[in-house]
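Trainee: Please take a close look at a single part of this protein with me. I should like each term explained as it arises.

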Amino acid sequence: MVDKFVGTWKLQSSENFDDYMKAIGVGFAIRQVGNRTKPNLIVSVDDQGKVSLKNQSTFKTTEIKFQLNEPFEETTADDRKTTTVISLDNGKLVQKQSWDGKETSIEREVTDGKLIAKCIMGEVVAVRTYVKDA
């Protein structure tokens, strides 16, 4: 299931993230902070199978807890209120966020010991690479 995602992951690199934030409507000041922040992603699963994704940084910490394939309300780090569904699709953890008639997705997969997160909004794709914290 999501076991291969469980652990603490440190952001190693981030490509095109400013353009992605711009595409989803993040303002200039928050984009500046977002571009400089190197969050840890902490993934865990509780006894009931509820998954937790915690983005932890010196700027802000956000956490979502969810069951796979069940829609839930999410307040994102940039304060969007979204309806979110996260599913496991061909080994990828796929997060779809909908708000104000818009939709974005974040596809996370573990490849060669790294967690690759593709943030997709229309034609804009950002790739954030995380390495597991020992």
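Mentor: The following account begins with one strand and its partners, and then turns to the core and some loops.

The model is predicted, so to speak of local features a pLDDT of at least 70 is needed, side-chain atom pairs count only at pLDDT 80 or more, and totals for chains, interfaces and linings use all residues. Residues are numbered from 1 along each chain as its sequence is written, and side-chain values use heavy atoms, with hydrogens and water left out.

Strand E1 covers residues 7-15; helices (H or I, at least four residues) and strands (E, at least two) are DSSP runs, numbered from the N terminus. E1 runs antiparallel to strand E2, residues 40-45, and four bridges join them; strands pair if DSSP finds at least two bridges between them. Within this pairing, Trp9 has Leu41 of E2 as its bridge partner. E1 also pairs with strand E10, residues 124-132, in the antiparallel sense and over six bridges. There, Ser13 stands opposite Thr129 of E10. In the segment before E1 lies Met1, which counts as exposed because its relative accessibility is 58% (buried is under 20% relative accessible area, exposed over 50%, partly exposed in between, with a 1.4 Å probe and protein chains only).

E1 also gives two or more residues to the largest nonpolar core, described next. This core has 27 residues, and Tyr20, Phe66 and Ile86 touch the most other members (a nonpolar core is a set of buried Ala, Val, Leu, Ile, Met, Phe, Trp, Tyr and Cys residues joined through side-chain atoms within 4.5 Å). Other elements giving two or more residues include helix H1 (17-24), E2, strand E4 (61-66), strand E7 (92-99) and E10. Leaving aside residues up to four places away in sequence, Phe66 touches Gly49, Lys50, Val51, Leu53, Phe72 and Ile86 (contact means heavy atoms within 4.5 Å).

Now consider three loops. Phe59 sits in the loop between E3 and E4. Phe59 and Thr37 are 22 residues apart in sequence, yet their C-alpha atoms are 7.1 Å apart in space. Again not counting residues up to four places away in sequence, Phe59 touches Val33 and Thr37. Asn90 belongs to the loop between strand E6 (81-89) and E7. Asn90 has a positive phi of about 50° although it is not a glycine, and its relative accessible area of 77% makes it exposed. Asp112, in the loop between strand E8 (102-111) and E9, is likewise not a glycine and has a positive phi of about 50°. Asp112 counts as exposed because its relative accessibility is 77%.
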